[in-house]
Amino acid sequence: MNEGDVRFPVMGEEQLALKHEQIVTRLLNKVYDYVALVDLHKNTIYIDFDQVSDLWDWTNEEHDYDEARFSLTDHFILPEDCETFIRNSDRENLIRQLEERDEYIFTSHFLQPDGTKNVKMFHYYYYDREQGLVIASMEDKTSLLYQDPLTGELTRRGFIESAEEILRDEQRTEEFAILYFNLRGFKAINDLFGAEGGDKALRWIPRLLRQSNLHPLVIGRLNADHFACLVEQKNVNEEELMDLLHQTYVANNRSLDLYAVCCIINIPDEDRNDSVGSMCGAARMALNFIEDEYVKPFIVFDERMRTHYMERSQTAAELGAALENDEFKVYYQPVYDVRTGKIASAEALVRWQRGEGDMVSPGLFVPVLEENGRISQMDLFVERSVKNFLEQRHAQNQPIVPISMNMSQMDFYDKDMMASVLLDVSNTTVPLDFTRFEVTETAYSTVAENNRNALLDMKRIGVKFYLDDFGSGYSSFSTIRDFDFDVIKLDMGFVQKIGTSIKADGVIWSIIAMAHTIGTKVVAEGAETQEQVDFLTDCGCDYIQGYYYSKPLPEHEFAELLNKTA
Ligand code: C2E
Ligand code: CA
Ligand code: CA
């Protein structure tokens, strides 16, 4: 499409169109394929879609911004990307980002008429401060798919294609390896040097790689602070790699130690036709096998990691079907009141009945579901199961206790999911106090920035929240100060150290005292021995959950337990 084809949509009033001439010129200079205009105040959007009128039944009509957005979603965005698209095109969010950067770019996939997937169309929004207008435009910026605008290096896709081209070339007889890098503590750079400083540091990484003795054949930034390069095996020297992985970044008279971890995949000749995308995925996973990154920050990919990766991919494939086939079961682990010795509540824990085999524990599949974006679907299933369980028993006048459910941080990004949960809990026939949610500190810290309202809405109607795994990650008192958690769950790690040192015991004692000072109850998790229970009781811990009392039980066993003890 050439420049002349880009038309500025008629705004109804000629005057208005004139006023926007400036913008039109700018658009023409950029050679957009399609032009859409969004008025921030009037809530309307004009789209010039002459070129694709057959695809868009709403061509040349006046549209509400959200309506247009959802229509785009239906036509052009693959189902798995809808969530991201909706989030990224949220007007408020958009304006905030545009204010900061003047532009907003993201990829989107689109479906060819023959059904093939294509990552091609980019949506580009431009915000004009003076005019108070957002111009939403779509143009084919396919080249951007291959080149990372930030570093000028190859993108994930570009890297994969270029590396595969070399590996498939039979003329080349060298032995190749892929090195996959992940920066550690990159957030510290952004904190210390600002976002721009962070960007600079990211541009500096490929330069370092290029200057090194690795002499990379291809370099790519695969996402955020993940880089990869294709090299000749003979250029990989472990000692030099050690040095390369620890750098001092200096800017504005300040310096910061920068660490990275790396996975080396040596590619045997017979694997040269394998997908480089999978190799990168496997390398990324293998980084978890690094035991002590300060002692040895790199790892060479081996058979053990390959098996793990294959199992994980297999699991991912089976999980999709498992959700449809009702293979998930909810187990309940009772939580005991230390003073009365009675069941005070229970935690719902999911299990996967994989085929005819044993129950698979969530440690194996929750991370996979989080990665492939289906965790919310599962959490919603758990929430519905718990709701049914409680409602049925309540209706039959059988005893019930409050049940807490685990929320993944991904849930908070899923507005539909949160809306469904809110609707469910507001409509439940049991008193609200019986529905509770557990949020980990890490999850909360992402929520705090993004979607705290979802939590506050539920809190407002009386839903209780537990702070899960307290003390297991980067604990910070600001979490407790920031949100009024009803219960703190002391991480199992603490409980299992009871009696090993005065320090360990002292920490537990003071966490419980601190919680009580701010009016929060404490559940200790993972108590297995009499000694642990006694110590926790002496510390004034309110509730205990652990194998000492009971393992998580299938629904019918838990129901029997409730009937017996109530
Ligand atoms: P979590 O929320 O910290 O759950 C407590 C885990 O500790 C459970 O493991 C429980 O079985 C285990 N546990 C309880 N008492 C003891 C004990 O005395 N000794 C030992 N060794 N372990 C004990 P589980 O069921 O394997 O769950 C693991 C994690 O998976 C959970 O950790 C939670 O983060 C996640 N998870 C479980 N169900 C769900 C769910 O429905 N949705 C989401 N998003 N995550 C879930
Ligand atoms: Ca939990
Ligand atoms: Ca926990």
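What follows is a walk through two neighbouring calcium sites, a pocket and a pair of packed helices. The model is predicted, so local features are given only at pLDDT of at least 70 and side-chain atom pairs only at pLDDT 80 or more, while totals for chains, interfaces and linings use all residues. Residues are numbered from 1 along each chain as its sequence is written, chains are lettered from A and ligands numbered from 1 in the order in which they are written, and side-chain values use heavy atoms, leaving out hydrogens and water.

The calcium ion (ligand 2) has as its protein donors Glu347 (OE), Asn406 (OD1), Glu438 (OE) and Asp468 (OD), at 2.1 to 2.3 Å; donors are N, O and S atoms within 2.8 Å of the metal, or 3.2 Å for Na, K and Ca, and sites may look incomplete, as water is not among the atoms. Along the chain these donors follow the spacing E-x58-N-x31-E-x29-D. The pair Glu347, in strand β14 (residues 343-353), and Asp468, in strand β18 (residues 464-470), links parts of the chain 121 residues apart, where strands are DSSP runs of E with at least two residues and helices runs of H or I with at least four, numbered from the N terminus. Both Glu347 and Asp468 are buried (under 20% relative accessible area, with exposed over 50% and partly exposed in between, for a 1.4 Å probe and protein chains only).

Asp468 also bridges to the calcium ion (ligand 3), which lies 3.8 Å from the calcium ion (ligand 2). The calcium ion (ligand 3) is coordinated at 2.1 to 2.7 Å by Asp468 (OD), Asp469 (OD) and, listed twice, Glu525 (OE). Because Asp469 lies in strand β18 and Glu525 in strand β20 (residues 521-525), this pair ties together parts that are 56 residues apart in sequence. Asp469 is partly exposed, with a relative accessible area of 24%, whereas Glu525, at 9%, counts as buried.

Elsewhere in the description come two helices: α7 (residues 156-168) and α10 (residues 276-286) pack at an angle of about 115 degrees, their axes 9 Å apart, with axes fitted as lines to C-alpha atoms over the stretch in contact and angles running from 0 to 180 degrees between N-to-C directions. The contact (heavy atoms within 4.5 Å) involves Arg156, Phe159, Ile160, Ala163, Glu164 and Leu167 of α7, together with Val276, Gly277 and Cys280 of α10.

How values were computed:
1 Å grid on protein atoms, 1.4 Å probe; cavity = no way out; pocket = protein on both sides within 12 Å on 5 of 7 lines; lining within 4 Å. Points joined across faces, edges and corners; volume = space filled by probe spheres on them.
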